[in-house]
Amino acid sequence: MENRIALQLLQELSVTGRRATCFPAEDIPTDDIASLLPEEHRASQKLKLPELAEGDIVRHYVSLSQRNMSVDTHFYPLGSCTMKYNPKRHERWAGLNGLINVHPYADGADIQGLLGILYEMQDMLAEISGLPSVSLHPAAGAQGEFAALLTASAYFADRGQDRKTVIFPASAHGTNPASASMAGYKCIQLKPSKTGLVNLEDLKQHLSNEVAVFMVTNPNTIGLFEFDIVEASRLVHEAGGLVYIDGANMNAILGKTRPGDFGGDMMHYNVHKTFTGPHGAGGPGAGPIAVRDFLADYLPGPVIVKENDAEGNTVYRLTNPPKSVGQLRSFLGNIGILLRGYFYIRTLGGPGLREVSEYAVLNANYLLALLKDVLDVPNGDRCMHEFVASASALKKQGITAMDIAKRLLDYGFHAPTVYFPLVIPEAMMMEPTETESKQTLDQFAATFKKIIAEDPEKVQSAPHSTPVCRPDEVKAAREPILTYCPCDVQLDLENKPATTEVVPSFI
């Protein structure tokens with residue numbers, strides 16, 4: 001049963017004078033605040049913060065967390081997001097004192113162990129991608145795209161070439177054109193094809209000495225492997241351009257094939273997706289980029305290099321490549337996510353990573369086989385790690401993809417990605433990942449079929465079991481309520497209520 005009291009707003013739970021911790025009176029002289037801060041920098045009134053006991057705070061946030069869905073509690077079939085289980089052993093290792101408590105400004109000589117781990121991570125990501133030079137610096141996949149495009153710009157500028165165009169397929173992730181635009185490029189979108197694959201004829205029409213980069217996801221957003229990727233890469237290279245591989249879907253090809261082997265010149269990893277790290281809701285990510293050797297001098301820094309000192313001892317050093325595009329964020333990157341990814345790779349090894357992809361593809365195809373009799377799958381009976389189904393036929397009966405997504409919540413399932421990619425109407429993109437069991441997939445498919453057979457009005461008004469049914473998402477985005485602070489809640493720290501509590505002498 002829910003704790004209804006704990007789920008009230010913190011301001012509603014607030015009681016004047018209540019504290020989580022009571023400190024003894026100060027026994028050293030203090031200066032008046034007016035002598036320390038000029039008046040123009042002082043608040044005109046006390047902040048109206050809630051006053052709560054520790055138990056109230058803990059119960060409030062634990063009760064809220066129990067309303068949430070998470071990978072630890074529910075099945076997440078989100079397409080293109082690879083929301084897979086995060087092993088707890090990796091959390092413990094990433095939380096080791098010698099790693100988690102390293103100061104971000106620590107001297108390189110004092111963090112040789114950490115730098116050694118990150119150097120190995122660079123090497124492993126280079127091997128997995130088939131691209132020899134790696135920067136761990138970017139903070140997330142989108143920033144990795146941006147960093148790689150800046151790297152490409154620096155490379156072409158160094159060669160005296162003024163290339164200002166980036167090409168991408170119609171099914172590309174939205175961050176591709178956004179990153180290209182931010183990097184100063186003109187964006188060209190290819191026409192969609194009936195197969196869901198890159199339209200080679202349209203690509204040929206747009207290739208010229210103006211093209212800098214062709215950005216493509218492989219396997220693509222439809223969940224299909226671009227079997228013409230080598231030919232597409234050859235065409236781009238003949239035009240003098242570079243091929244960028246969006247690494248969002250690496251979960252399907254680990255240990256099977258490498259972007260560098262099928263024509264990619266640059267790519268980013270989503271370490272938090274492919275190598276298990278908690279992500280979502282704007283949480284931490286890591287987007288290292290891997291590039292061919294001729295692009296290494298332009299990478300964002302710092303990167304880690306391995307050397308021998310005068311005594312022949314191995315040392316690791318932070319350095320910026322000679323023609324680096326610079327530093328895009330603070331420090332070395334999101335170290336916590338990089339560490340989780342490092343431990344994941346080291347735990348599984350090469351054969352284990354290969355099995356990850358095998359089971360991810362097997363699970364996706366199994367779920368596709370279970371659902372294809374009730375949903376249209378426009379691009380075939382087989383897929384890689386994910387597939388995109390369409391609820392268009394159901395819409396004629398009054399049930400949309402969003403209706404099904406909302407109704408799934410009532411049965412304890414997170415919804416799949418809906419309405420993306422835009423090239424498929426009423427799209428429902430599903431990616432079960434390798435960590436899901438057959439029992440879970442069977443139950444999910446059975447629930448899906450049960451929902452489709454329900455009274456349309458019941459599905460259209462779902463969810464029925466959540467605190468909020470169907471918020472106005474447009475209004476929530478455009479007119480968010482960011483604060484709640486009722487006028488009658490006052491915080492007076494100077495006039496705290498008297499207490500008769502006896503304080504033990506040992507405090």
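# Why those words? Helices and spaces in a predicted model

Mentor: The crossing of α14 and α15 is right-handed. Keep in mind that this is a predicted model.

Trainee: Why are α14 and α15 called oblique to each other?

Mentor: Start with the angle: their axes cross at roughly 120° and come within 10 Å. The perpendicular range stops at 115 degrees and roughly antiparallel means over 145, so a value between those two falls under oblique. That's why α14 and α15 get the word oblique.

Trainee: Which residues of α14 and α15 meet?

Mentor: On the α14 side you'll find Ile-404, Arg-407 and Leu-408, and they meet Phe-444, Thr-447, Phe-448 and Ile-451 of α15. By class that's five nonpolar, one polar and one charged. Thr-447 falls in the polar class and Arg-407 in the charged one.

Trainee: What makes α12 and α15 roughly parallel to each other?

Mentor: Their axes cross at roughly 30°. The cut-off for roughly parallel is under 35 degrees, and α12 and α15 therefore qualify. The axes come within 10 Å, and this crossing is right-handed.

Trainee: Which residues of α12 meet which residues of α15?

Mentor: Asn-363, Tyr-366, Leu-367, Leu-370 and Leu-371 come from α12; Lys-438, Leu-441, Asp-442, Phe-444, Ala-445, Phe-448 and Lys-449 come from α15. The classes are eight nonpolar, one polar and three charged. If you want to spot the charged ones, look for Lys-438, Asp-442 and Lys-449. Phe-444 and Phe-448 appear here, and they also appear in the α14 contact.

Trainee: How do α6 and α12 pack, and at what angle?

Mentor: Helix α6 covers residues 112-129 and helix α12 covers 335-371; they pack at about 50°, with axes 10 Å apart. That makes α6 oblique to α12. An angle of 35 degrees or more is past the parallel range, and the perpendicular range begins at 65, so about 50° lands in between. As for its hand, the crossing of α6 and α12 is left-handed.

Trainee: Which residues of α6 and α12 make the contact?

Mentor: From α6 it's Leu-114, Ile-117, Leu-118, Glu-120, Met-121, Met-124, Leu-125 and Ile-128, while α12 brings Ile-335, Leu-338, Leu-339, Gly-341, Tyr-342, Ile-345, Arg-346 and Leu-353. By class there are 13 nonpolar, one polar and two charged residues. Glycine counts as polar, so Gly-341 supplies the polar entry.

Trainee: On to empty space. How many cavities of 30 Å³ or more does the structure hold?

Mentor: Two. The largest has a volume of about 50 Å³, and the second largest about 30 Å³.

Trainee: What lines the largest cavity, by class?

Mentor: Eight nonpolar, two polar and one charged residues. The charged one is Arg-382, and the polar pair is Asn-379 and Gly-380. Others in that lining include Ile-222, Leu-368 and Phe-387.

Trainee: And how do the residues of the lining of the second largest cavity divide?

Mentor: Three nonpolar, four polar and no charged. Pro-169, Ala-172 and Val-216 belong with the nonpolar residues, and Ser-171, Thr-217, Asn-220 and Thr-221 with the polar ones.

Trainee: What volume does the largest pocket have?

Mentor: About 940 Å³. A pocket is an open set of points, whereas a probe in a cavity cannot get out. The lining of this pocket has 30 residues, and Arg-67, Met-69, Leu-409, His-414 and Thr-466 lie nearest its centre. Elements giving two or more residues to the lining are α3, α14 and β11. The largest share, four residues, comes from α14. By class the lining has 16 nonpolar, 10 polar and four charged residues.

Trainee: Now the backbone. What value does omega have at the cis bond that joins Gly-301 and Pro-302?

Mentor: About 5°. Pro-302 sits in the loop between β7 and β8. There's also a cis bond from Ala-462 to Pro-463, with omega near 5°. Pro-463 is in the loop between α16 and α17.

Trainee: What makes Thr-276 worth a look?

Mentor: Thr-276 has a positive phi, about 55°, although it isn't a glycine. You'll find Thr-276 in the loop between α11 and β7.

Terms used:
Residues are numbered from 1 along each chain as its sequence is written. This is a predicted model: local features need pLDDT of at least 70, side-chain atom pairs count only at pLDDT 80 or more; totals for chains, interfaces and linings use all residues. Side-chain values use heavy atoms; hydrogens and water are left out. Axes are lines fitted to C-alpha atoms, for helices over the stretch in contact, and angles run from 0 to 180 degrees between N-to-C directions. A crossing is left-handed if the near helix is turned anticlockwise from the far one by less than a right angle, and right-handed if clockwise. Contact means heavy atoms within 4.5 Å. On a 1 Å grid over the protein atoms alone, a cavity is a set of points where a 1.4 Å probe fits but cannot get out, and a pocket is an open set with protein on both sides within 12 Å along at least five of seven lines; lining residues have an atom within 4 Å of a point. Grid points are joined across faces, edges and corners, and a volume is the space filled by probe spheres set on the points.
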